[in-house]
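Subject: Structure for your review

Dear colleague,

Please find below the structure that I am handing over to you. I should be grateful if you would read the notes beneath it with the structure open.

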Number of protein chains: 2
Amino acid sequence: MARSNPERSQATRLALMDAAKDLFIKKGFADTATPDIVRAAGVTRGALYHHFEDKKALLTAIVEREAEAVAQQIADMSVRAKSPSEALLRGAAAYFDAMNTPGRTRLLLLEAPAILGAAATGAIDRGNAGSTLETGLIELLGPDANRDWIAATTNMLSAAFDCAALAIAGGADRSVYERSIAVLIDGLAGQNWQYRSKRE
Amino acid sequence: MARSNPERSQATRLALMDAAKDLFIKKGFADTATPDIVRAAGVTRGALYHHFEDKKALLTAIVEREAEAVAQQIADMSVRAKSPSEALLRGAAAYFDAMNTPGRTRLLLLEAPAILGAAATGAIDRGNAGSTLETGLIELLGPDANRDWIAATTNMLSAAFDCAALAIAGGADRSVYERSIAVLIDGLAGQNWQYRSKRE
DNA sequence: TTCCTTGACATACATTCTGTATGTTTGTTA
DNA sequence: TAACAAACATACAGAATGTATGTCAAGGAA
């Protein structure tokens with residue numbers, strides 16, 4: 001079994017990330033020890049600290065990979081929608097589909113914000129799935145809507161979606177949340193002129 | 001300095017909780033060591049493990065106390081409002097006031113969900129500030145609105161409020177978030193008949 | 001008051017984990 | 001094939017957690 005160096009590197013990197021991902025999901029980041037990770041990955045701690053600066057860097061790599069997968073999954077699902085509100089609803093559905101992967105909610109919505117900080121996690125989020133939501137809201141509310149307002153609304157709706165994803169992962173009825181989101185979005189679409197008229 | 005036993009107990013419990021709260025806010029739960037806590041509290045680790053089962057139990061006690069303070073602060077602020085939507089907006093403002101206390105967002109919205117789990121934190125939340133929001137939404141949407149829908153909307157709005165509190169604590173403009181919330185609530189108030197008509 | 005029990009700690013210890021420093025093997029290049 | 005570098009493995013130092021044991025003051029009972 002003579003493998004080239006890049007092949008070896010990527011293989012152990014993936015083995016470490018996969019093993020750590022499972023353990024982080026099952027026991028959480030804090031309660032997962034590096035000896036457990038390397039045992040599950042079939043390597044030693046030396047390999048871990050050769051490829052990753054520390055335990056947090058390993059989590060960061062996993063979170064980034066997972067966030068990219070979510071964004072990719074949403075992009076694949078994205079089809080033409082008739083109205084901006086329908087586009088937002090389809091985006092939400094795609095997000096719930098993507099977050100349905102077991103453990104993803106825990107990794108992306110619980111562990112990452114606490115360990116890596118809210119700022120770092122928000123940056124990862126905004127670089128991927130978050131931007132989809134903001135463009136959707138701009139479509140819905142018109143390009144002349146106040147930018148700060150849109151940013152704030154994007155953040156809060158994103159948090160609401162995350163909350164819904166967590167609830168669904170915990171066994172809640174997905175259709176109830178999707179309808180609740182539909183009502184929120186319809187309310188936004190119907191009311192935005194009121195805010196704009198106050199500002200302009 | 002002859003103190004009775006109950007006095008001694010409460011004094012050291014409070015000293016430990018206060019010292020740990022400051023350190024958890026400044027450095028986070030994971031990066032705060034029990035020797036640091038007891039040094040700041042002026043006791044030994046023996047006292048800590050006599051009063052609290054482990055480090056997590058200490059965090060739990062602090063989080064519960066802080067959540068009760070938030071609920072109390074909101075209850076004190078609650079004055080008569082003319083409309084259900086105004087009541088909700090005042091409640092949101094009171095929540096932001098209460099969360100304005102330095103470090104509270106980190107403790108209640110970042111550390112607690114990750115360390116104690118989303119379920120435990122949600123239970124603490126629902127027992128305190130969360131119920132205020134749900135009753136306000138029932139007022140807004142009418143008592144005949146679908147209960148599951150109200151519960152889901154409560155959860156998501158609660159998450160949106162938390163997100164706003166975090167953003168404000170991070171330096172964002174509070175008035176922008178309050179206006180965004182106002183638009184969301186007005187949208188809900190104007191649209192709820194649509195959902196109800198589908199269900200009944 | 002005296003004795004005895006219990007709660008409230010303090011101290012010492014065993015285990016375990018993290019990160020680093022050093023050693024060894026394997027691939028790569030000149 | 002000789003030299004070098006990357007990819008690991010092993011050994012170690014420091015520190016942290018939780019526990020077990022020891023000590024001392026508080027508080028009733030005789």
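The notes below cover the conventions, the protein interface, the symmetry and the two DNA strands.

This is a predicted model, in which local features need pLDDT of at least 70 and side-chain atom pairs count only at pLDDT 80 or more, while totals for chains, interfaces and linings use all residues. Residues are numbered from 1 along each chain as its sequence is written, chains are lettered from A and ligands numbered from 1 in the order in which they are written, and side-chain values use heavy atoms, with hydrogens and water left out.

Interface of chains A and B

Contact (heavy atoms within 4.5 Å) links 30 residues of chain B with 30 residues of chain A. The buried area, that is, the accessible area (1.4 Å probe) that two parts lose on being put together, summed over both, is about 2,800 Å², and carbon and sulfur atoms give 72% of that area.

There are 2 salt bridges across this interface, where a salt bridge is a side-chain nitrogen of Lys or Arg within 4 Å of a carboxyl oxygen of Asp or Glu. Asp31(B) forms a salt bridge with Lys56(A), with the closest N and O atoms 3.9 Å apart. In addition, 4 residue pairs (both at pLDDT 80 or more) are in polar contact between the chains; a polar contact is a pair of N or O atoms within 3.5 Å, and within protein one must be able to donate a hydrogen and the other to accept it, residues adjacent in sequence counting only if both atoms are side-chain atoms.

On the side of chain B that touches chain A, two or more residues each come from helices H6 (104-116), H8 (147-169) and H9 (174-199) of chain B; helices are DSSP runs (H or I, at least four residues) numbered from the N terminus. H9(B) gives the most, with 14 residues. By class, this side has 18 nonpolar, 6 polar and 6 charged residues; Ala, Val, Leu, Ile, Met, Phe, Trp, Tyr, Cys and Pro count as nonpolar, Asp, Glu, Lys and Arg as charged, and the others, Gly among them, as polar.

Symmetry

A turn of 179° with a shift of 0.0 Å along the axis lays chain B on chain A with an RMSD of 0.1 Å, the superposition being by least squares on the C-alpha atoms of residues with pLDDT of at least 70 in both copies. This is the relation of a two-fold axis. In chain B, the C-alpha of Gly187(B) is the nearest to the axis, at 1.8 Å. Because 100% of the interface residues of chain B are also interface residues in chain A, the copies meet through the same surface.

DNA strands

A residue is near a strand if one of its heavy atoms lies within 4 Å of it. DNA strand D is surrounded by 21 residues, the closest being Ser9(A), Thr44(A), Thr34(B), Arg45(B) and Tyr49(B). Phosphate oxygens of strand D lie 3.3 Å from a side-chain N or O atom of His50(A) and 2.9 Å from one of His51(A).

DNA strand C is surrounded by 22 residues, the closest being Thr34(A), Arg45(A), Tyr49(A), Ser9(B) and Thr44(B). A polar side-chain atom of Arg45(A) lies 2.5 Å from a base nitrogen of strand C, whereas the side chain of Ser9(B) places an N or O atom 2.5 Å from a phosphate oxygen of strand C.

Yours sincerely
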